[in-house]
Amino acid sequence: QIEEKITPEPKIKKLEPVLLPGEIVVNEVNFVRKCIATDTSQYDLWGKLVCSNFKISFITDDPMPLQKFHYKNLLLGEHDVPLTCIEQIVTVNDTKRKQKVLGPNQKLKFNPTELIIYCKDFRIVRFRFDEAGPESVKKVCLAIAHYSQPTDLQLLFAFEFVGEKYHNPATVNGIDPGGGGSGSGQQTPLFETYSDWDREIKRTGASEWRVCSVNEGYMISTCLPEYFVVPSSLADQDLKLYSYSFIGRRMPFWCWNHSNGSALVRMANIKDVLQQRKIDQRICNAITRSHPQRSDVYKSDLDKCLPNIQEIQAAFIKLKQLCVNEPFEEMEEKWLSLLENTHWLEYVRSFLKHSAELVYMLDSKHVSVVLQEDEGRDLSCFVASLIQVMLDPYFRTIVGFQSLIQKEWVMAGYQFLDRCNHLKRADKESPLFLMFLDSVWQLLEQYPSAFEFSEAYLTILYDSTRISLFGTFLFNSPHQRVKQSTEFAISKNIQLGDEKGLKFPSVWDWSLQFATRDRMLFHNPAQCVQNGSVKTFKRTKKNYSSTLRGIPPSLKNGIINEQEFLPRRNSLILKLKPDFLQQLDRQTNSMEQYFKDWFSKPVDLHGVILPGLSRTHIKLWKLCYFRWIPEAQINNGGFITAFHKISVLTDQVDKLNKSLRQYKSSSSLQANCSELDQSRMYFRANGLNDTAGTPDFLSSSFPFSPIGNLCRRSILGTPLSKFLSGAKIWLSTETLANED
């Protein structure tokens with residue numbers, strides 16, 4: 001009788017993806033298993049795998065096991081991967097022992113039982129199809145391969161999204177394309193207008209420089225912004241004439257001015273050999289006339305003294321292999337030497353060192369610095385930005401740092417489309433922007449109180465380069481954005497009116513990705529603000545001397561010795577005059593004294609900061625590179641535990657200050673409560689006497705979680721190990737080219 005009264009099974013809930021405007025489902029397959037743990041299937045999740053024109057989604061009703069928190073991105077679900085973040089797609093049939101790396105237009109001759117997605121951010125996501133329909137599996141695998149490797153820029157999702165916005169003028173899903181806001185009301189200057197550049201001139205006191213509109217409509221150069229800053233003494237007619245002699249017609253343009261009058265300038269190489277000396281002299285004279293003391297100009301040829309983009313890409317591939325492929329238990333004894341062999345940290349140090357040497361020229365020698373590079377679109381973006389971070393505290397705030405990237409990378413023509421490899425053209429790929437963020441992290445690690453933003457902010461900013469919704473990191477130049485979006489608008493019958501191309505969402509509007517509370521993790525609690533000014537962090541003599549103990553003399557304080565000043569790679573003096581030997585000695589002594597004096601004094605967090613450059617100073621950015629590796633996690637440990645304690649302490653101080661202010665002003669109880677409830681910290685104190693310990697969900701990878709992102713050992717103990725034994729897990733197309 002009891003058996004007869006069994007209630008009927010409830011209806012299975014239909015699993016549907018959350019889609020953005022313009023996003024469509026291309027293919028999907030049910031009864032898919034997402035692998036979670038490295039050595040057991042008991043935690044695996046069952047659900048539906050969906051491929052859209054923006055992302056791959058795994059939709060499940062099952063809660064994520066072993067995970068006690070989730071830092072939510074409003075554009076992406078917990079199991080979503082943007083198509084532009086996919087590095088490689090490998091299909092596997094473990095019964096037939098077959099495997100294949102899928103390209104965009106390839107056929108699949110076997111029914112996959114497994115799909116492995118290798119991501120550009122070092123994640124590895126794995127799905128099993130034991131219960132799924134073979135034809136549906138094959139279709140979804142081919143769809144992912146096709147849509148993750150587009151051949152044309154206009155096939156990237158941002159175009160469909162913005163097209164939908166223009167056809168439906170009301171703001172869609174709260175997303176307003178083209179915004180530059182940070183989500184907190186403060187706008188980030190985009191440097192698309194004359195007025196943004198003019199404000200920057202006034203902010204830095206560059207009175208002898210002017211905003212030039214000679215490139216309006218991109219009439220002179222397609223890889224420069226429409227507006228940029230030049231010496232006041234250079235007429236527009238001269239600029240037009242000189243532009244023909246520069247590679248890409250990229251004339252010299254101003255970046256920043258020191259309070260002493262020295263300027264930072266970027267320019268491409270002069271291709272006209274016959275006119276080179278004449279034009280070079282005229283440009284230098286104009287820069288000299290823009291200096292109050294008419295000081296000399298120092299030129300730094302970046303191509304000769306820094307690693308090139310191919311070397312940086314090779315170092316990154318080695319770093320990825322080391323972080324993803326090599327088991328810790330096998331590599332522990334030689335891991336540090338393997339890390340050194342990647343040259344990644346060596347290159348980070350090179351950029352920091354050269355930038356610090358140029359800071360010396362601007363800050364101490366009071367001379368203007370010209371950064372010269374072949375096209376002036378790669379290394380000069382990096383070095384110009386790093387110099388400004390070291391010299392100007394404004395660029396160490398969130399809005400300031402965002403304006404710096406907008407000014408020196410986005411508007412100055414850094415080729416994000418090619419360097420991020422959004423269209424899978426590997427010959428142009430190079431992680432230069434990541435290495436810049438890594439270098440800024442090195443400074444943040446050494447001087448945490450000098451920065452308004454946290455390392456989580458830098459990591460999430462890097463992740464945002466892999467989301468094909470934002471126009472910020474999608475194009476090779478502002479001109480390409482205007483040209484391509486105008487063509488797209490015409491093809492879709494979109495009326496642009498007076499607008500110059502479509503307006504894409506800006507990555508700087510963080511409210512598109514994160515809720516207000518989650519954005520508070522961007523803020524660095526170590527920056528102690530009192531009465532609107534940052535406190536000075538004082539370095540004791542003991543700290544100073546212990547930093548130098550055991551370091552070779554040539555490396556102390558990052559100062560190079562006399563032998564190292566001979567013309568060589570990474571040297572400061574590259575353009576030497578024949579009679580320079582005596583001047584070289586003086587220059588060496590002067591620079592050594594500058595660095596020695598700086599390191600011997602308390603650090604002014606509102607002034608210049610210089611990097612320590614020894615092996616103990618330059619570290620691996622673990623949050624960025626290790627966050628998806630289960631074996632690398634430290635539960636209730638890592639930097640985040642200190643971050644938590646400082647956040648709670650800062651929150652308690654804020655609460656006390658608010659209570660005191662309200663007590664003095666004797667405002668209403670209701671007003672008291674509302675102000676006390678507000679906090680600028682992600683981690684908050686429960687009260688003024690909060691003594692709670694570290695939350696048990698914190699780990700060294702917070703706010704990210706490696707659960708479900710399989711690395712290295714995930715293959716062991718599965719059928720995959722039968723044919724992957726001895727092979728690198730990060731499979732190369734060459735290795736698998738002959739295997740169908």
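Is Lys 107 buried or exposed? With a relative accessibility of 71%, Lys 107 counts as exposed. The close-ups below come from a predicted model, so please read each view with that in mind.

**View 1. A patch of positive charge on the surface brings together Lys 96, Lys 98, Lys 107 and Lys 109.** Start here if charged surfaces interest you. Lys 107, one of the four lysines that gather in this patch, sits in the loop that runs between strand 6 (98-101) and strand 7 (114-119). Its relative accessibility of 71% is over the 50% needed to be called exposed.

**View 2. Strand 5 is largely enclosed by the rest of the structure.** This strand covers residues 86-93, and seven of its eight residues are buried, which is why it is described as largely enclosed. Two neighbours pair with strand 5. With strand 7 it forms six bridges in the antiparallel sense, and with strand 6 it forms four, again running antiparallel. Val 90 is a handy landmark for finding your way around: Ile 116 of strand 7 stands opposite Val 90, and Val 101 of strand 6 stands opposite Val 90 as well. As a reminder for reading such views, side chains in a regular strand alternate between the two faces of the sheet.

**View 3. Arg 97 takes a positive phi in the hairpin of strand 5 and strand 6.** Four residues lie between the two strands of this hairpin. The phi of Arg 97 is near 55°. The strands on either side of the turn are joined by four bridges.

**View 4. Asp 44 and Arg 33 meet through their side chains in a salt bridge.** The N to O distance here is 2.6 Å. Asp 44 belongs to the loop between strand 1 (25-34) and strand 2 (45-52), while Arg 33 is in strand 1, so the pair ties together parts that are eleven residues apart in sequence. Both partners are buried: Asp 44 has a relative accessible area of 10%, and Arg 33 has a relative accessibility of 16%. A search of the whole structure finds 29 salt bridges, and this is one of them.

**View 5. Asp 130 and Arg 128 form a salt bridge.** Their closest N and O atoms are 2.8 Å apart. The two partners differ in cover: Asp 130 is partly exposed, at 40% relative accessible area, whereas Arg 128 is buried, at 8%.

**View 6. Arg 266 and Glu 408 meet in a salt bridge between their side chains.** The distance from N to O is 2.8 Å. Arg 266 lies in strand 12 (residues 263-268) and Glu 408 in helix 12 (residues 398-410), so this pair ties together parts that are 142 residues apart in sequence. Arg 266 and Glu 408 are both buried.

**View 7. One network of salt bridges joins Arg 33, Asp 44, Asp 94, Glu 114, Arg 126, Arg 128 and Asp 130.** The bridges in this network share partners. You will recognise Arg 33 and Asp 44 from View 4, and Arg 128 and Asp 130 from View 5.

**View 8. Gln 587 is buried in helix 19.** The helix covers residues 581-600, and Gln 587 has a relative accessible area of 8%. Look for Lys 365 too: it is 222 residues from Gln 587 along the chain, and their C-alpha atoms are separated by 9.7 Å.

How values were computed: Residues numbered from 1 in each chain as written. Predicted model: local features only at pLDDT ≥ 70, side-chain atom pairs only at ≥ 80, totals over all residues. Heavy atoms only, no water. Patch = residues over 30% accessible without salt bridge, like charges linked within 9 Å, V, L, I, M, F, W, Y side chains within 5 Å. Areas by Shrake-Rupley, 256 points an atom, 1.4 Å probe, with all protein chains shown as cover. Lys, Arg positive; Asp, Glu negative; His and termini not counted. Charge placed at Lys NZ, Arg CZ, Asp CG, Glu CD. Buried < 20%, exposed > 50% of the residue type's maximum accessible area, 1.4 Å probe, protein only. Pairing = 2+ DSSP bridges.
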